[in-house]
Amino acid sequence: MKIGIVCYPTFGGSGVVATELGLALSKRGHEIHFITYSQPVRLDLLGSNVHYHEVTVPEYPLFLYQPYELALSSKLVDMVKLYGIELLHVHYAIPHAYAAYMAKMMLLEEGINIPIVTTLHGTDITLVGSHPFYKPAVTFSINNSDAVTSVSQSLKDDTLRLFDIKKEIDVVPNFIDFSRHKSDFTDCQRDAMAKDDEMIITHISNFRKVKNIPDVVKIFYNIQQKIPAKLMMVGEGPEKAEAEKLCKKLDILDKVVFFGNSHEIDRILCFSDLFLLPSQTESFGLAALEAMSSGVPVISSNTGGIPEVNIQGVSGFLSDVNDVEDMSKNAIYILSDKERLETFKLNATRESAKFAIENVVPQYEAIYVRTLKNCLVGK
Ligand code: GMT
């Protein structure tokens, strides 16, 4: 099948999922066309089956805001016609589902009925999408997609609760491509990061408010008072500067490494002992799943879709949002006994295997086939 994939090309989870899905589909013989404003960060494999088409928005002095959706929908029309793309899979509702709908309408004028599959990822529903300024457009774009998927049962429930949805939503969880993720480094550079007796605690995110970054720092502060430890803070975002200030105030700056965005997540996870994800809300928690796949147990909040990924007392522990004391206590419990830590590490790897990409890609393929058929018969 010829599939156009629209996503955010950045380090965020929805872009990562879209890219890894596209690459996996290409290996199964599909022709994949990524259509977005820059090359997706995990797209390292342009080949005969994988194409990337850049959406450019020319500057015009009259515009205070450049009309990206307009440029995207025009580009979608052009690419569908030029390459014979048979289906568009858009990740993150805003503005992708809206732009895809406009492209669909333009193509219908020319007798082409392109199916649109929309995958809801998280804040496109829970934070941004449900804002009154966007809500009517988001509701409309979801109801007018040919198929809708959400990355967790929790996100599906949120969508049905927050919007007036008339469409069936299929839950298709996020996944790990174990053939791309390495966890068996022979040169895992733990020594460069910490002393032998120090535990390595890691947090990876886009450092937005929703990630509760001050809680990450406070949990680490409590841990290092009981157990020698280092904190790896990976990613960039608006809360990073505040986090550095808090580390300074708590006098732990010498125990914290701020990496910025990294293309070497697997390398960082290979020397990590524990992963922290105390988010305010999280539809799935792909970063936690990636940590688990590298054998890193997770201390998280029990919000949104995280309990579908991190299993209480097995791959880690979950606490109420902002319950820093409970999260610290659980972290210290796991880290304070070597055998216990080993058990949690093994459990984390085992739990992550349930999300192997091989189990998930066929679910998307089945949705594509069903949607394509429905569009052909005009349903
Ligand atoms: O919604 C966001 O924060 C952005 C989005 C992304 O593009 O990174 O993250 C969401 O989608 C990820 C991939 O499906 C999920 O793993 C994240 O849990 C989800 N983030 C939130 O719900 C906060």
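Q: How far does a polar side-chain atom of glutamate 282 lie from an oxygen atom of the ligand?
A: This is a predicted model, in which local features need pLDDT of at least 70 and side-chain atom pairs count only at pLDDT 80 or more, whereas totals for chains, interfaces and linings use all residues. Residues are numbered from 1 along each chain as its sequence is written, and side-chain values use heavy atoms, without hydrogens and water. Between glutamate 282 and the ligand oxygen, the distance is 2.7 Å.

Q: Which residue has a side-chain N or O atom 2.8 Å from an oxygen atom of the ligand?
A: Glycine 285 also approaches a ligand oxygen, but with a backbone N or O atom, at 3.0 Å. Both pairs fall within the limit for a polar contact (N or O atoms within 3.5 Å). The residue whose side chain lies at 2.8 Å is asparagine 174.

Q: Which residues come nearest to the ligand?
A: Around the ligand there are 16 residues, each with a heavy atom within 4 Å of it. Those that come nearest are Gly13, Ser14, His121, Thr123 and Arg208.

Q: Which strands stand at the edges of the seven-stranded sheet?
A: This open sheet runs in the order β3-β2-β1-β4-β5-β6-β7 with parallel pairing, where strands are DSSP runs of E with at least two residues, helices are runs of H or I with at least four, and both are numbered from the N terminus. Each edge strand has a single partner, so one of its sides is left without a neighbour in the sheet. The edge strands are β3 (50-54) and β7 (169-171).

Q: Which residue stands opposite glycine 4 in β2?
A: Strand β1 (residues 2-6) pairs with strand β2 (residues 31-36) in the parallel sense over four bridges, and DSSP must find at least two for strands to pair. The residue of β2 opposite glycine 4 is histidine 33.

Q: By how many degrees are neighbouring strands of the six-stranded sheet turned against each other on average?
A: The order of this open, parallel sheet is β10-β9-β8-β11-β12-β13. Its edge strands, β10 (256-260) and β13 (316-319), pair on one side only. With direction ignored, the average turn between neighbouring strands is 20 degrees.

Q: Which strands does helix α11 touch?
A: Within the six-stranded sheet, β8 (residues 199-204) and β9 (residues 229-234) pair over six bridges, and helix α9 (residues 240-249) packs on the sheet by touching β9 and β10. Contact here means heavy atoms within 4.5 Å. Helix α11 (residues 286-293) also packs on the sheet, and its direction makes about 175 degrees with that of β11. The strands touched by α11 are β8, β11 (274-277) and β12 (298-301).

Q: Are helices α1 and α14 roughly parallel or roughly perpendicular to each other?
A: The axes of α1 (residues 13-27) and α14 (residues 357-376) come within 11 Å and cross at roughly 80 degrees. The α1 side of the contact consists of Glu20, Leu21, Ala24 and Leu25, and the α14 side includes Tyr364 and Tyr368. Axes are lines fitted to C-alpha atoms, for helices over the stretch in contact, with angles from 0 to 180 degrees between N-to-C directions; 65 to 115 counts as roughly perpendicular, under 35 as roughly parallel, over 145 as roughly antiparallel and the rest as oblique. The two helices are therefore roughly perpendicular.

Q: What is omega for the cis peptide bond that joins isoleucine 94 and proline 95?
A: Proline 95 belongs to helix α3 (residues 93-108). Its cis bond to isoleucine 94 has an omega of about -10 degrees.

Q: Near what value is phi of phenylalanine 207?
A: Phenylalanine 207 lies in the loop between β8 and α8 (213-226). Phi is positive here although the residue is not glycine, with a value near 45 degrees.

Q: How far apart in space are aspartate 170 and alanine 147?
A: Aspartate 170 is part of strand β7. Beyond its neighbours within four places in sequence, the contacts of aspartate 170 include Val148, Ile367 and Arg370. Alanine 147 is 23 residues away in sequence, and the C-alpha to C-alpha distance is 8.1 Å.

Methods: Polar contact = N/O pair within 3.5 Å; in protein donor to acceptor, adjacent residues only side chain to side chain.
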